[in-house]
Amino acid sequence: MFKVTINKEKFTINTRFDEITIKELHKGYEYLLLVPSEVLDYLKPIEKGSKEPAKTIDESLLLDFQIHWISLFSNIPKDILKRVPPKGFDIMSIEHVFKYVHSFLYAPEKYNEITTFELNEIKYDLVEELTSINGAKTYFAEGTYNQFKLSHMLATQIEGKKNTSTTEGLVQLTAVLYTHKNDNSNEAINEKIGLFWELDALTCWSSYFFFVQSVSKWKNFFQSYMGKTTYRQQNKAVYQVQKERLQNKLLKLDFGKLWKSKLQNYNFSIMDWKE
């Protein structure tokens with residue numbers, strides 16, 4: 001959070017994703033649908049080493065956008081912002097303030113490992129089976145892969161251009177991956193979708209990054225349940241799960257210290273899964 005003083009009045013500007021709700025980010029994406037394409041093109045980052053010519057834009061269009069974008073993530077009224085000098089990083093200016101809210105145009109660069117969070121004094125936990133690799137594979141293998149298919153669809157939706165479907169997908173994905181009292185029925189998911197608009201945007205983005213990482217790690221296995229592999233490969237994937245269940249049972253037997261040291265432990269941090 002960044003504090004500024006304009007004409008002796010104090011205001012605050014939200015600068016981090018955990019300082020805004022997903023509903024506020026959604027309003028920002030709604031506004032992006034109305035912004036001229038030349039403004040959006042101008043704001044796209046230029047890749048390193050690119051030989052594209054320097055971008056130019058109508059300064060008044062850019063200023064209008066910056067003022068509105070700042071107002072969305074601060075408590076500064078637009079009429080006050082319009083009286084602020086447009087440029088200058090060594091003074092209080094629109095150009096200076098905009099750099100603090102510019103990041104909301106993109107996905108966060110960092111995310112948190114979230115196994116539990118509270119909203120309105122209600123605790124929500126990551127679906128228990130998803131807290132370990134073996135559990136995730138078992139979860140998706142035992143008839144609940146429809147939820148994975150839903151999550152995959154939502155993740156694909158989120159990966160598109162930043163617009164209202166992105167934030168809608170983030171809320172729905174978070175509702176699928178986190179549960180209260182282990183109730184992940186359709187009714188419970190729909191109820192959470194309505195409530196989770198009050199979550200901070202970083203929590204929702206973090207749930208997305210967790211899902212992407214899990215899919216990337218176990219892509220071949222999950223794709224067998226997305227209809228993208230052959231029947232033989234599907235059976236092989238199921239066999240692999242059954243084999244690892246047997247290995248887990250062996251973990252409970254006493255083979256001596258040497259044997260135990262060679263067996264793998266599958267309970268890893270959700271953001272640091274390893275084979």
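**View 1. The hairpin of β1 and β2.** In this predicted model, I6 stands opposite E9 of strand β2. Strands β1 and β2 (residues 9–13) run antiparallel and are joined by five bridges. Two residues sit between the strands of this hairpin, and N7, in the turn, has a positive phi of about 50 degrees. That is worth a look, as most residues other than glycine have a negative phi.

**View 2. A ring pair between β1 and α5.** Stay with β1 (residues 2–6) and find F2, then look for Y100 in helix α5 (residues 94–101). The ring centres of F2 and Y100 are 4.0 Å apart and the planes make an angle of 10 degrees; planes under 30 degrees apart count as stacked, so this pair is stacked. Because F2 belongs to β1 and Y100 to α5, the pair ties together parts that lie 98 residues apart in sequence. Is Y100 buried, partly exposed or exposed? With a relative accessible area of 25%, Y100 is partly exposed.

**View 3. Aromatic rings in a group.** The structure holds 15 aromatic pairs. Here the view turns to a cluster: F17, Y31, F65, W69, F73, F98 and F104 form one aromatic cluster. When you look at any two rings, keep in mind that a pair is described by the distance of the centres and the angle of the planes.

**View 4. Helix α3 and its packing with α1 and α5.** Helix α3 covers residues 59–72, and its axis is 9 Å from that of α5 where the two pack. The angle between α3 and α5 is about 55 degrees, which makes α3 oblique to α5. The crossing of these two helices, α3 and α5, is left-handed. Now for helix α1 (residues 22–32): α1 and α3 pack with their axes 10 Å apart, at an angle of about 160 degrees. An angle over 145 degrees counts as roughly antiparallel, so that is how α1 lies to α3. The crossing of α1 and α3 is right-handed.

**View 5. The open sheet of β3, β4 and β5.** What is the order of the three strands in this open sheet? The order is β3-β4-β5, with antiparallel pairing. Strands β3 (116–119) and β5 (178–179) are at the edges with a single partner strand each, so one side of each has no neighbour in the sheet. Strands of a sheet pair through backbone hydrogen bonds. Four bridges join β3 to β4 (residues 122–126), while β4 and β5 pair over two bridges. You can trace the partners one by one: T116 is bridged to D125 of β4, F117 to Y124 and L119 to I122. On the other pairing, D125 has T179 of β5 as its bridge partner.

**View 6. Two faces of β3.** Which side chains of β3 are buried, and which are not? F117 and L119 point to one face and are buried, whereas T116 and E118 point to the other face and are not. In a regular strand the side chains alternate between the two faces of the sheet, and β3 shows that alternation.

**View 7. The turn from β3 to β4.** Two residues lie between the strands of this hairpin, and N120 takes a positive phi near 55 degrees. E121, in the loop between β3 and β4, also has a positive phi, near 65 degrees, although this residue is not glycine. E121 has a relative accessibility of 78%; the exposed class begins over 50%, so E121 counts as exposed.

**View 8. K181 in the loop after β5.** Where is K181? K181 is in the loop between β5 and α9 (186–195). The phi of K181 is positive, near 55 degrees, in a residue other than glycine. K181 is exposed, with a relative accessible area of 73%.

**View 9. Helix α8 and its surroundings.** Helix α8 runs over residues 164–177. At 1.5 Å a residue, the 14 residues of α8 should span 20 Å, and the end C-alpha atoms are 20 Å apart, which agrees. How many of the 14 residues of α8 are buried? The count is 11, so α8 is largely enclosed by the rest of the structure. Among the buried residues are T164, G169, L170, V171, L173 and L177.

Definitions and conventions
Residues numbered from 1 in each chain as written. Predicted model: local features only at pLDDT ≥ 70, side-chain atom pairs only at ≥ 80, totals over all residues. Heavy atoms only, no water. Pairing = 2+ DSSP bridges. Phe/Tyr/Trp six-rings, centres within 6.5 Å; stacked < 30°, edge-to-face > 60°. Buried < 20%, exposed > 50% of the residue type's maximum accessible area, 1.4 Å probe, protein only. Expected span 1.5 Å × (residues − 1). Axes fitted to C-alpha atoms, helices over the stretch in contact; angles between N-to-C directions. Parallel < 35°, antiparallel > 145°, perpendicular 65-115°, else oblique. Left-handed = near helix turned anticlockwise from the far one by under 90°.
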